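This briefing goes through a set of chains by topic, for reading next to the sequence and the structure. It starts with one sheet and then turns to domains, interfaces and charged pairs.

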Amino acid sequence: MLINFKEVYFTYSPKTPYEYEALKDINLTIKEGSFTFIVGKTGCGKSTLIQQMNGLLVPSSGEVTAGEYVVSSDKKRRTKKLSNLRKEVGIVFQFSENQLFEDTVEKDVAFGPMNFGVKREEALEIAHKCIDSVGLNESYYQRSPFDLSGGNRRRVAIAGILALQPKVLILDEPTAGLDPRGSEEIMSLIQKMNKEGITIVLVSHDMNLVLRYATDVIVMNDGKIVKEATPDELFLENDEQYSLETPLIAKVVKAFHDKGVNLDTTNIRDIESLANEIVRFKK
Amino acid sequence: MKIVEIENLTYSYDGKKNVLKNVSFSIESGKYISVIGHNGSGKSTLARLLIGLLRPKGGSIKAFGMEYTKENILKIRSRIGIVFQNPDNQFIGSTVQDDIAFGLENRCVPQDKMQGIIDEVSTMVDMKEYLTKEPETLSGGQKQRVAIAGVLALSPDLIIFDEATAMLDPKGKREINETIAKMRKNNPELTLISITHDIEEAFNSDEIVVLSKGEVFDIGTPAELLNKAQELTSIGLDQPFLYKLKQSLKSKGIDVSDAANIEELVNKLC
Amino acid sequence: MKNLVLGRYSAYDSFVHKLDPRNKIMCLVVLMVAVFFEYQDYSLTFIMGGILFFFIVILMIVSHISFVSLLKSLVSLWFLILVLFVINVLVPVKNAESLGVAFYIGNFPIYLLSIFQSLKIVIRLILMLSLTLVLSATTSPLDMTFAFEWFMNPLKVIHFPAHEIAMTLSIALRFIPTLLNETERIMKAQSSRGVDFKHGKLSSRFKAIVALIVPLFISAFQRSEELADAMEARGYDPKAKRTRYHIFHWGADDTYSLLLCNILLGGVIYVSVAKLTLDTPLVLPWILISISLLITVLLLTGIITTNRKGREISK
């Protein structure tokens with residue numbers, strides 16, 4: 001499913017003293033099957049942007065199209081039942097473990113599909129599949145989500161969105177607060193879903209993740225999109241950094257560049273590929 | 001001088017499963033210690049025991065030569081400051097200055113001395129211009145700096161950072177790490193314990209305590225621990241970036257193991 | 001909900017803002033009492049109401065409260081005001097006929113007295129509303145809790161936990177914005193799972209509320225636990241003696257303003273208790289004198305505030 005932004009503006013609390021323009025003239029296409037990262041400083045409009053993608057927020061002007069759904073500032077053009085869009089485009093919010101409320105894991109995961117009219121038995125079946133696919137097994141079905149560790153609660157929350165069987169999955173800082181092993185596991189899980197054909201949109205501050213996983217990167221600043229690029233263009237070729245943190249790998253590539261050595265950056269994504277590239281240069 | 005001495009410390013929340021088992025180590029005054037370990041390794045429990053929010057189920061802790069008895073606990077606590085993980089849940093005052101004053105009020109600091117202290121510590125953490133601001137107008141990094149100011153106001157001998165940067169964005173993390181560096185420069189006597197899972201951060205400290213499943217897995221300087229990197233990997237801990245890169249190069253036949261930073265590494269390779 | 005402007009504290013540096021919160025609460029009580037006196041005839045009732053309103057208007061000007069905010073709070077109460085008015089007009093009062101019939105609705109007589117009676121009630125309501133607006137717009141919630149604790153101090157003798165209540169109140173106030181944000185976040189997260197908070201059957205609405213309340217409570221409990229730890233780690237003990245960062249400064253301004261409010265109340269009591277009417281000699285001069293007194297006060301406070309430059313404390 002293709003998501004397309006056309007001249008989207010968004011203002012919070014219009015016509016009050018708290019009026020605040022969070023998005024300005026957004027034109028953007030999220031490619032089908034891509035692993036798109038949205039990056040930028042806190043308060044740059046990333047969270048507002050993702051909420052336009054499943055109709056939680058409606059543009060103040062302009063429109064977002066997602067497949068056949070139209071989220072437009074113009075009421076006449078807007079799709080009547082926007083809530084159905086949320087089945088197609090799932091959002092996993094930051095610290096999503098806080099949204100669990102049922103007494104068993106399976107019931108919590110089945111909650112989403114049942115809201116969209118799926119029968120209880122069928123919803124539980126979907127739930128079981130999704131719990132398995134986030135790396136938890138059968139022994140978790142009947143457990144209370146509140147007895148699980150933080151990392152596992154987050155998996156349950158992700159399974160709860162996966163159970164809607166969305167075509168696009170949006171995640172806001174899915175690794176925040178997890179230890180390195182926990183974030184590694186969550187990220188490979190997300191990568192697996194991407195390989196299975198789900199379009200992934202991920203908001204993150206961790207530039208090492210961006211370099212490693214992204215196919216496309218959108219850089220935002222002050223409510224505007226300032227750059228759309230592939231990760232190697234962004235970190236390894238370009239000198240301008242859009243006040244983003246530099247991934248450590250990019251620092252190494254830069255240090256080589258300063259010495260007059262230009263490594264071939266197209267394949268550099270992680271330490272292993274960087275080492276390979278250095279070996280190639282030494283030969 | 002040993003500022004903290006922990007011997008055979010054991011703790012359990014439910015009386016069945018020990019979160020900490022026979023933990024023993026001591027901390028020299030003026031050192032910067034990191035405690036690392038994956039989630040659930042007992043790191044945060046250790047912090048709560050050190051500040052006296054929990055009482056040991058076995059073994060003992062001593063701080064400043066004092067046992068953690070009922071009579072001593074307030075005396076010990078008055079010399080230890082702690083900064084917790086969640087910036088929102090430790091902001092007690094309704095403005096920055098009220099929050100810094102909270103600890104001073106508890107310690108019965110005379111009212112006419114407060115403003116001077118508040119001005120001094122807020123300058124130290126670069127929050128002087130924000131004294132009258134309310135917490136909801138501040139970023140996570142700013143709130144954590146206020147928490148540090150609140151701790152500094154009581155001039156403690158030991159400060160514990162309990163994953164104080166875990167919920168912050170990179171800018172907030174950088175701000176806190178800069179503040180910590182500045183604090184150490186201003187007061188070399190200050191002892192710091194940083195509980196963290198940021199491996200790059202931990203390898204900047206004087207000594208690292210590695211916890212695994214409630215037990216001390218290893219203690220040593222960053223250099224000593226790097227020699228046992230394989231073992232760290234076996235308990236699911238990461239290694240610093242530079243070390244991993246050097247290892248990867250080594251396995252491909254390039255040995256640059258004596259490079260101390262990225263510049264040196266690149267210089268050696270070119 | 002976050003954008004609720006009405007009755008909200010706005011940080012200015014005005015004469016009224018600077019007054020001691022204890023004094024402001026006392027003045028409010030004094031003026032509220034003044035609102036509730038009965039007079040011999042209705043023309044006097046309306047004139048006295050007018051004087052009080054005039055006084056409140058001065059307060060509003062001095063403390064930078066826009067009339068729009070008063071109008072807005074009145075508009076939000078228009079239905080209540082209307083119902084009050086209609087009911088009072090229709091309900092028969094004692095000696096209703098004394099002033100004669102104003103008009104007939106069909107065969108039903110509407111007495112002038114009933115209309116006056118209803119007007120009086122509406123005027124009192126408006127006066128009270130604007131008084132509270134002045135207090136809440138010029139006194140920070142925290143100052144309010146401090147003042148509350150001070151007023152409750154005598155009750156400590158009977159072990160009334162004044163300090164604990166004030167501390168609880170101030171923490172609750174501090175966490176209102178945080179919890180509102182949290183509520184919004186959870187609502188959005190559950191909406192993404194297909195929850196419809198606005199439409200739907202009763203049973204699904206109930207489920208929607210559960211999906212909001214349970215996570216909200218769990219996170220609130222967790223917050224309070226962490227907060228308690230943080231407070232204890234920083235040496236807080238509700239039973240122990242503490243010093244105060246905020247101390248009240250009872251200034252000359254406070255004495256004058258409290259005196260002024262009491263003079264106003266005294267005048268009201270005199271007019272009411274002495275059963276004066278508009279025909280009583282000296283009543284008109286008295287009213288004229290008090291109005292000119294108020295104008296002088298207005299000018300004086302105007303001069304004071306311009307000298308002190310009522311600057312806005314920017315957020």
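**A hairpin and its sheet in chain B**

E4(B) and E5(B) make a hairpin with two residues between them, and B:Phe64 in the turn has a positive phi of about 50°. The model is predicted, and every value below is computed from it. The points that follow begin with the strands around this hairpin.

- The two strands of the hairpin, E4(B) and E5(B), pair in the antiparallel sense over two bridges.
- B:Lys62 has B:Glu67 in E5(B) as its bridge partner.
- On E4(B), B:Lys62 also stands opposite B:Glu5.
- B:Ile61 in E4(B) stands opposite B:Ile6.
- Strand E1 (residues 2-12) of chain B pairs with strand E4 (residues 58-63) of chain B in the antiparallel sense, over five bridges.
- The sheet in chain B is open and has four strands in the order E2-E1-E4-E5, with antiparallel pairing.
- Strand E2 (18-28) and strand E5 (66-67) of chain B are at the edges and have a single partner strand each, so one side of each has no neighbour in the sheet.
- In a regular strand, side chains alternate between the two faces of the sheet.

**Domains**

- Chain B is divided into domain 1 (2-234) and domain 2 (240-270).
- The centres of domain 1 and domain 2 of chain B, taken over C-alpha atoms, are separated by 33 Å.
- Chain C is also divided, into domain 1 (15-137 + 249-308) and domain 2 (149-233); domain 1 of chain C is thus given as two segments.
- For domain 1 and domain 2 of chain C, the C-alpha centres lie 37 Å apart.

**Interface of chain C and chain B**

The size of an interface is often given as the accessible area lost when the parts come together.

- Chain C and chain B bury about 2900 Å² between them, and 51% of it is on carbon and sulfur atoms.
- In chain C, the residues that lose the most area to chain B are C:Arg174, C:Arg234 and C:Tyr245, together 32% of what that side buries.
- The contact of chain C with chain B takes 27 residues from chain C and 36 residues from chain B.
- Five salt bridges are counted between chain C and chain B.
- C:Glu232 and B:Arg77 meet through their side chains in a salt bridge, at 3.2 Å from N to O.
- Across this interface of chain C and chain B, 17 residue pairs are in polar contact, with both residues at pLDDT 80 or more.
- On the side of chain C that touches chain B, H8 and H9 of chain C each supply at least two residues.
- H9(C) gives the largest share of that side, eight residues.
- By residue type, the side of chain C that touches chain B divides into 12 nonpolar, five polar and 10 charged.

**Interface of chain C and chain A**

- Here 20 residues of chain C are in contact with 25 residues of chain A.
- The area that chain C and chain A bury between them is about 2000 Å², 58% of it on carbon and sulfur atoms.
- C:Lys188, C:Ser192 and C:Arg193 lose the most area to chain A within chain C, together 36% of what that side buries.
- Two salt bridges are found across the interface of chain C and chain A.
- C:Arg193 forms a salt bridge with A:Asp108, and the closest N and O atoms are 2.9 Å apart.
- Eight residue pairs, both residues at pLDDT 80 or more, are in polar contact across the interface of chain C and chain A.
- Helix H8 (162-192) and helix H9 (202-233) of chain C are the elements that give two or more residues to the side of chain C that touches chain A.
- The largest share of that side, eight residues, comes from H8(C).
- That side of chain C divides into nine nonpolar, five polar and six charged residues.

**Salt bridges over all chains**

Side chains of opposite charge can pair when their charged atoms come close.

- Over all chains, the count comes to 38 salt bridges.
- A:Asp216 and A:Lys31 form a salt bridge in which the closest N and O atoms are 2.6 Å apart.
- A:Asp216 lies in strand E9 (residues 216-221) of chain A, and A:Lys31 in the loop between strand E2 (20-30) and strand E3 (35-39) of chain A, so this pair ties together parts that are 185 residues apart in sequence.

Key. Residues numbered from 1 in each chain as written. Chains lettered and ligands numbered in written order. Predicted model: local features only at pLDDT ≥ 70, side-chain atom pairs only at ≥ 80, totals over all residues. Heavy atoms only, no water. Domains from an automatic or database assignment. Contact = heavy atoms within 4.5 Å. Buried area = accessible area lost by both parts, 1.4 Å probe. Salt bridge = Lys/Arg side-chain N within 4 Å of Asp/Glu carboxyl O. Polar contact = N/O pair within 3.5 Å; in protein donor to acceptor, adjacent residues only side chain to side chain. Nonpolar A, V, L, I, M, F, W, Y, C, P; charged D, E, K, R; others polar. Pairing = 2+ DSSP bridges.
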